[in-house]
Each structure stands twice: as C-alpha cells, then as structure tokens.
Amino acid sequence: MEKKRLKDEKSGEGVAYHITIHDMPSSERPRERLLHYGPQALSTVELLAIVLRTGTKRSNVVELAAKLLVLYGGLGGLMGADLAKLCHEHGLGAAKTAQLKAALELGRRLQLEQPEARYRITSPADAARLVMMEMAYLEHEEMWILLLDTKNQVVAIEKRYKGTVNSSVLRAAEVFRPAVLRNCPSILICHNHPSGDPTPSPEDVAVTEQLIAAGRLLDTELIDHLVIGKQRYVSLKEQLRW
C-alpha cells in the first residue's frame, strides 16, 4: 500500500500517512468484495485479512495478512506455527491468534467431517496432500497416525510422539491402539523432518520394520510410512517394498 507525505501545519515537515482499509474504494475492500463476488473470488491474502479484521498503525490488515503469509511460508506455515510465537507477532496478540488458528482448524476438520465424503487414500501422494500443509512447517518432529476403514478412507488422524521418533521411545501397541479401538483394519503413519529433508534415516527404517511386524501380529495392516519434508515426501512402502 502507498504511503503519502503530508505537511504538518505547525512544523511544515513531512508526515508519513498510511493508507488504511477505510481509505480504499469499497470495491477493493476484502469484506465488500466477498459479499459482492463470493469467497471464491478472493485471494488468500484477502480471506486472511477478513479473519484478522484489523491491522496496525504501521500496516493495514491486508498488508498484515500478506506479511504473515510471507513470514510463515503460506497457510501451512501458519497452521503449524507455535501459538506463543504467533501471539508475539506485531499486530496479532492472543485474540487474533485464536481467531486465525480456529479458522485454519475448521478448514482442516472439514476434510474429515462427513463420513460419506471421507478422504480416500489410494497412493502415497494422497496421504502426503492430506498432512503436508501442516506437518511440513512443524518446528519439532511428530508422528501422525491415519486410521483407515476397509475402503482406505480416513476415519481419524491421531497425533502421537512429539520430539524425535525412534524405536527407543516408540511403543507399537500405542501406535496401533487407536485402530484396534475403532475397529480399523489398517493405518498409515507419517512423521516430519523439521530440517526439510525427507530422506529416511536408519532409525526411520528400523521403526517401520518394527511396526510392520507388530501390525501382522495385531491383524492391522501398516499400509505405508511417509517421511514429510518441505514440499517433498518419501514413501517407505515404495523404498522397502513390503
């Protein structure tokens, strides 16, 4: 947005004036555009600006939304961002951070809300698309368990293990317990590498082999193990060919 210089009446010096949302023509304001054209016509920046509602003295709400998307690498980065860190961003605070996180979580839950329209896993790419937006930007390692029905549709996503996921802390019974309780015949696990490089480590391979064996004993199939990096992933099913 353009900054203008106005002369102070007393000093005669230039004073910075920042264009606010109210200075914009109504046809360019995000909320008015949404009401007139529908949400599909708005950019991600404009939709985020509507969620945030107000900007700061330094930047209007559209500029604030654009800055956050750049700073965190898009909606996926905001989804995975630490709550406390977001609260301390200039222009946010606890209330706006709560609004932002709530909106992002609603979008995520919508994918799994209707049983008749459950997300179906037919390939590693399907699973990666479901989790990558959030997992790729986590600053710590996590393991997520996708519980699948007989048609490989996602029944639920269970989040387990924060920190390094390795065989010394992982308990196979804990991984498979949610599937057993929900009577799900198979699971798919995903974990992220915060470095951004999804190359499986020897420990990743060992964990996978341990879970394959446990699944056979529990009659619950492990259909894949994905390692998630920045915009990339590796399928251990494709690598190990079990």
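Okay, let's start right where two helices touch: Leu 48, Val 51 and Leu 52 in H2 meet Lys 96, Gln 99, Leu 100 and Ala 103 in H6. If you sort the residues of that contact by type, you get 5 nonpolar, 1 polar and 1 charged. Before I go on, please keep in mind that this is a predicted model.

So how do people talk about a pair like this? Two packed helices are described by the angle between their axes and the distance between the axes. Here, the axes of H2 and H6 come within 9 Å, and they cross at roughly 130 degrees. What do we call that arrangement? With angles over 145 degrees counting as roughly antiparallel and 65 to 115 as roughly perpendicular, H2 and H6 are therefore oblique to each other.

Now let's zoom out a bit. The chain has 10 helices and 7 strands. Out of its 242 residues, 44% count as buried. And if you take contacts between residues at least 6 apart in sequence, 56% of them join residues at least 24 apart.

Next up, the cores. In soluble globular proteins, nonpolar side chains tend to be buried together. The largest nonpolar core in this model has 20 residues, and the ones touching the most other members are Leu 48, Leu 52, Leu 68, Leu 78 and Leu 86. Which helices feed into this core with at least two residues each? Helix H2 (44-52), helix H3 (61-72), helix H4 (75-80) and helix H6 (93-110). H3 gives the largest share, with 7 residues. Separate from this one is another core, of 19 residues, including Ala 127, Leu 138, Trp 144 and Leu 148.

Let me pick Leu 78 and look around it. Setting aside neighbours within four places in sequence, Leu 78 is in contact with Leu 48, Leu 68, Leu 69, Tyr 72, Leu 86, Leu 100, Lys 101 and Leu 104.

On to helix H7, residues 124-135. Is H7 mostly enclosed or open? Of its 12 residues, 9 are buried, so H7 is largely enclosed by the rest of the structure. Among the buried ones are Pro 124, Ala 127, Leu 130 and Met 135, but also Asp 126 and Glu 134.

Let's stay with Glu 134 for a second. At 10% relative accessibility, Glu 134 counts as buried. Beyond its neighbours within four places in sequence, Glu 134 contacts Gly 76, Met 79, Gly 80, Arg 108, Trp 144 and Lys 159. Glu 134 and Leu 75 are 59 residues apart along the chain, yet their C-alpha atoms are separated by 8.4 Å.

Another acidic one: where does Asp 149 sit? You'll find Asp 149 in the loop between strand E3 (142-148) and strand E4 (154-162). It counts as buried too, at 15% relative accessibility. The Asp 149 side chain reaches the backbone nitrogen of Lys 151 at 2.9 Å. Leaving out neighbours within four places in sequence, Asp 149 also contacts Arg 118, Val 155, Pro 185 and Ser 186.

Last stop, Thr 208, which is in helix H9 (residues 202-218). Thr 208 has 0% relative accessibility, so Thr 208 counts as buried. What does the side chain of Thr 208 make a polar contact with? The side chain of His 225, at 2.6 Å. Past the neighbours within four places, the contacts of Thr 208 are Leu 222, His 225, Leu 236, Leu 240 and Trp 242.

That's my tour, thanks for listening!

Notes. Residues numbered from 1 in each chain as written. Predicted model: local features only at pLDDT ≥ 70, side-chain atom pairs only at ≥ 80, totals over all residues. Heavy atoms only, no water. Core = buried A, V, L, I, M, F, W, Y, C linked by side-chain atoms within 4.5 Å. Buried < 20%, exposed > 50% of the residue type's maximum accessible area, 1.4 Å probe, protein only. Helix = DSSP H or I, 4+ residues; strand = E, 2+ residues; numbered from the N terminus. Contact = heavy atoms within 4.5 Å. Axes fitted to C-alpha atoms, helices over the stretch in contact; angles between N-to-C directions. Parallel < 35°, antiparallel > 145°, perpendicular 65-115°, else oblique. Nonpolar A, V, L, I, M, F, W, Y, C, P; charged D, E, K, R; others polar. Polar contact = N/O pair within 3.5 Å; in protein donor to acceptor, adjacent residues only side chain to side chain.
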